Amino acid sequence: MTSFLTARRLRGVITGSAVAALVLTTAACGGTTRDDEDASSGDSGSSASADPNAEIPEGLAIAFLPKQLNNPYFAVADGGGEKAVGELKGDYSEVGPSEASASSQVSYINTLTQQGADVIVTSANDPNAICSALDQARAGGAKVVTFDSDTDPECRDAFINQATADGIAQTQIDLMAEQIGGSGKVAILSATANATNQNAWIEIMKSYAAEKYPQMQIVSTVYGDDEDEKSFQETQGLLQSTPDLKGIISPTTVGIAAAARYLSGSEYKGKVALTGLGTPNQMRDFVKDGTVTAFALWNPADLGYLAAYAGAALSAGQITGAEGETFTAGDLGEYTIGKDGEIVLGDPTVFKADNIDDFDF
Amino acid sequence: MSASTAHRPPTGATEADAPEARSRRGAALAQRLVVVRELGILAALVLLIGITLIANPRFLSGQNVRDLMLSAAVLVVLAAGQTMVIITRNVDLSVGSVLGLSAYAVGTLLVDHPGTPVVVAVLAGMVVGAVCGLVNGAIVAVAKVPSLVVTLGTLYAIRGLTSLWASSSDRLQINASDLPSSFKSFGGARVLGIPVLFLIAVAVVLVVGYHLRSYRSGRELYGIGSAPEAARLSGIPVGRRVLTAFVLNGALAGLAGVLYAARFQTLDTTAGTGLELNVVAAAVVGGVAIAGGTGSAWGAALGALLLTTIGTALPQLGINPFWRDAAVGALILAAIALDRTLTLRLAARLRGRNLRGS
Amino acid sequence: MADGMPDGDPGPVVLALRDVSKSFGAIAALRGAQLELRGGEAHALVGENGAGKSTLVKILAGVHGPDEGTVLLDGQPVTLDSPAAARAQGIAVIYQEPTLFPDLSVAENIFMGRQPLTSGRRIDRPELAARCTALFERLGVHMDPDRPARGLSIADQQMVEIAKALSFDARVLVMDEPTAALSGVEVERLFTVARALRSHGAAVLFISHRFDEVFDLCDRITVMRDGQWVSTDATGDLTVEQVVRRMVGRDVADLFPKQDVVAGDVVLEVRGLTRRGVFTDVSFDVRAGEIVALAGLVGAGRSEVVRAVFGVDIYDAGSVTLHGRPLKPGNPAAAMAAGLALVPEDRRQQGLVMELSVERNATLTRRWKLARMGWLSARTERATAAEWSKKLQVKAGRLSDPVSTLSGGNQQKVVLAKWLSTDPTLLIVDEPTRGIDVGTKAEVHRLLSQLAADGMAVVMVSSELPEVLGMADRVLVMHEGRLVDDIPRARADEDTVMLAATGQAR
Amino acid sequence: MAVDTSSAPVAGNATPPPARAPRGFTLPSGSVISTFLVLFLVIASFSVDGFASTRNLGFLLLDVVVIALIALPLTLIVVTGEIDLSVASMVGLSSAVMGKLWFAGLSLQLIIVLCLVLGAVLGAFNGLLVTWLGLPSLAVTIGTLALYRGLAFVVLGDQAVADFPRSWTTWAISSLGNSGIPNAVLPLLVLVAVTAVLLHATPIGRALYAMGNSEDAARFSGIDVARMKFWLFVASGVVSALGGVFWTLRYGSARADNATGLELQVIAAILLGGVSIFGGSGGLLGVMAGALLLASVRNALQLVNVPSDVLNIVTGALLIVAVVAPQVVARLKTHRPPARRSAGAQKGNP
């Protein structure tokens, strides 16, 4: 039984990407917008011109504002950011609410604005709700970089996308198809029903699977609310309601861990395939005991690292967030800014029994 | 709690003071209604399971029933503890946070000392919970501050403490792989096919329920909740009893934390967030009156079971999971409305008998 | 005689209070109080409200500890620091208001904390029921031990309290106005029990405002005034007048100064009023200038009838007409607008908001009238309250003090002020002098009489027969929810009323 | 026969009986908490960098608006001895419905009216269950807390509606001129004034306090307790719906999970403001001060980079201290050290 009070609190977990912006300005997500009354997307924040040779000054105040403090995933990502800020000789700080709500994030953005932060790196609990607060921060001179979960492109300077939505969706479908031989019934265990990233991925997964693996059938999508227990129950519900289920895809770390735990303790272990997005630490046991063959994820530390560099480059004026600009992100090398100020980290890493021990997060 | 007595008229003073009550059958009726109340939840549970079975015949498969039991275990233990507190006309809203602290503490203990026997881990969790309960109980009983306010305060404070501990020790999450296998096998252990965690929960409910029913100190809790002032005048050590109820409830919340850790094996600082209203809801659905004085741990446990089953059954019935919260809310309202109706009918019957009997 | 404790009575001194003082904040409730209880005696403690009787009882019960002075048990100083400690010393207390657990069974109420146990320290339920039944037999009560206390009539609740006290085998039984809610039969039963206890060597402390009972039961009488001991004498040496004079500190004039008036027009018509299970087919008229008493045993349905008339309770059938216009049922505000006022039975629960100030209480019924364009100023309230407390001679420290700081009699005056200020044409008073001291009682009676003389119609519910007979122009008698008799003043005496009240009329 | 010692004719009772101690858990009035607030504001202004600026004031007030707004009717409800835990769920449901209707193409003016009507209906449902069926409001509103939040998800599900007109969403976050004071504060102040007058200077307010202390006595004084409670719950619904509308505009996002858990913050503000949870005492000044104090403390601590864990501990501790402190003070005041400390004496008067 999960809590009805907080069941819908979006725990800060992996929610990805990109598409959020796309999703919200077009009506891709089941038509959440009425029409573009004030459509004003486009090259946001690129009014000033970039100076690629500008020096990154020391002592930049770079603040990380994750969806929720003490969330392991964001702790790793912020850790990457801290490393980058150290290299840049900047002033790193991590602030955030203890519950993953947009309204408390707004309060922290306001505080950062008041403190005069140079760069705010954040992952949005709600793509729109924190927009006006970010606008105020930018009006106060701060540069805003989003990572993991984007906001409306208008209210940030750049977005670090851990992987493209296509990449994430296709990787998972490919992994699943590999394990079940490309045919059979597959279900999806998602996060909350209103998680924009997951919804976008699921759409792409469905169309990609229909096109590439016509024998594979995505029969249902259930929501574990990014709560372990709920996800656990939903997994069990899936197997009850679809006895001939061949595989489960869970594009959320909480979901895949819960599903793996359920499978490993049930008669379905090894018979029902499981893949999705998970962290190596949580999944290690299940990969080793054979419940899970392979799953994917990007390295969150790299995500935070890249975000910090992007923020510093923005603040220094090396880049403005316009398409085509380039900058160097320390050890990760050179990156090019894509459409709508989007910077893609790269393809997700696939974890299997033979490489999982190389990662610790 | 003395001030709250002002809101309750003395026994029956607002009821019609009909001529002398001389009824043998009144008592039998009253008892029957109590039984009816618990049977009612049981019937609702059976009905729900029945309907789900029709929709999905595999609902009662061994695996599924085990899962249901595991899911219910934590809430059942919490509901049993909460019953003791609510019966005294208090409430403990901090149980979710206490569970979180206890689970995290036990997780930390096990990670740092993998050789810790399971029994010691369980006891450690209970001690952590009992200490939290002691803080709550001491403020309520000694400073005479309403428990709703105190435990709302500790709800925030204990959660903050857990979170602070986690961030300062740099261990934000404890994963299954960090935990010793003895503890993990405890989480999955079964006796006669029944999960041990559930058996523990059942044992807790039986002990608490039996104690409340058949021991002086248990009956005194009912007395305190039924009429705090009368309890004081009749020599019941009200402060001590209330304190004890809070400590025991805290210990059970701590135990629930251990069960939580054993079952989920993945812990972070958010464990049990928001569980408090669920627990209160389970007790209310199970016939424990929020105003104290009536209800049983058995009823509360059935309420917890019913809420858990709804969570599991809805997706299997193909009902949009969005409806679950609404269903839980409706269930709570139905339960309290039913209680009220039963009480009114009982009062009317007793009054009617009074008149005829004299 | 008042200057010393009379010696020579049988039995040793069991319990004594020596120079006991107790203050609550700035208020001294007891100032050097004395009391001596002997084994085998029934001892009355009388005094006006506020004389400190209840505080004294609470010290004996272990609810309060004395600030100064000692409590001696068998000559040894004892510390009664909790109700449990007092019980352990064999002191049982029956409080003024029943203190039961409504959700628990009658048997558990009686034996709470002392339930008989089996070998495993579990409660022995059959034994519990058996002991309870045995107690009830001793008391001559027929009540099911397993029924919940909720829904018991006040009289039955009081019987449970008595059974509880009895179950202790107490050496000292303290009864703080136990008879206020009891009918004659029940009082007699209680006295039988008290006498039995006394003959077994226990000491009984009896507190009451009813002198007939005091003189009937008790061997000695202690009078208190203003928190101090005044006198202790053998009952045989005293008269009611002497006791009253000592309580009040002066002579009290005629207790029931009813003036004769000529009744005017019909003010209130009640026809066929019925509430299922409570009262049935009640019809009566009340005329201007008339005091109509509603008599009957406790539980006969008198308070319920007047509550239904006023609209606090609903009724199932019948009608209420005031000044020829039908009154909307279940609507006290409408009743007030039509000129009806009700001084309820339970002053502390129904009459007053104990936590609020005197002025707020006194003006609560007139708050809309005192408001100007919806704005209610504290000054207006205070002025109105001051005016009325002067009229009724309310003795209060400050009008902004909580009304709970006033004595019972003054509280009752505030209730009267609250209602008389609405300028009613029909005043219903339910037990207007219950639990108030003799002095104020006379004032209330004089006031009611004066109001009737000025043309107000008055309905008075009272369980005190002398009050009914002294005050009423007509006595309506209820029995088991029905109006059984309508006795004019000339014909009303104790016999006629009691016969009707016990259902033996005609 | 002994002669009475006192010869002076004394009528009635010279000495009042032991006073029932005034109710425990309340601050004497809102004055203590207000003083504390002013003190805190002064100290924070001098010691916390960036606290005393118009911009920060704006941020702070904007965070308080919805809490203070919902606290208005809820204070009245708590004064009568009841409680409404469903307020935040009504905010969420109103927000969800607002989004749904906007998406369906209705005009915003009409939507706002419909949301307020919805709030009235939700509040009336609470009110009916409490007054008509006589159910305890704590249990009822725990039920509707779940029910209304659930319905919000049924209405809007996973979606978020975000494209509200700029003019409206900008109004919601901008301030009056350069003062830093958010636009919404003005209408809020009007509502605060109206509520304060209602509670403290009208016959209705008197009735509310009477009800909160003794429902019986109130009924016997001709106060229609049930009807007043019913309308208070309706008011709570309407105001919560208004809060939902403002919340949606302020964050520019209509979602079913908006304002989850807000009820605890509102109740914390009310209790901190010195309103007894058992009803009958407290005032609006204290509640507003309580709401401001909670927000200011959070704001100031955030500015000096105190982590959110500690903020939670501070919030909890503040709440407990606020109710324990007056208890201790009251006991020190009324309880002169007796010759013998006894448990009975400590328990004081009922």
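**Notes on the chain C sheet and the nonpolar core**

1. A good place to start is helix α6 (residues 184-199) of chain C, which lies across β3, β7 (172-176) and β8 of chain C and runs at about 145° to β8(C). Helix α8 (residues 240-248) of chain C also packs on the sheet, touching β3, β9 (220-225) and β10 of chain C, with its direction at about 25° to that of β9(C). Helices (H or I, at least four residues) and strands (E, at least two) are DSSP runs, numbered from the N terminus. Axes are lines fitted to C-alpha atoms, for helices over the stretch in contact, and angles run from 0 to 180 degrees between N-to-C directions.

2. Please keep in mind that this is a predicted model: local features need pLDDT of at least 70, side-chain atom pairs count only at pLDDT 80 or more, and totals for chains, interfaces and linings use all residues. Residues are numbered from 1 along each chain as its sequence is written, while chains are lettered from A and ligands numbered from 1 in the order in which they are written.

3. The sheet itself is open, with six strands in the order β6-β7-β8-β3-β9-β10 (chain C) and mixed pairing. Its edge strands, β6 (91-94) and β10 (228-234) of chain C, each pair on one side only; pairing takes at least two DSSP bridges. Strands β3 (residues 42-47) and β8 (residues 203-207) of chain C run parallel over four bridges, and C:H43 stands opposite C:L205 in β8(C).

4. Now to A:A310: beyond its neighbours within four places in sequence, its contacts (C-beta atoms, placed from the backbone, within 7 Å) are A:V145, A:A158, A:I160, A:F327, A:A329 and A:I343.

Conventions:
Contact = placed C-beta atoms within 7 Å.
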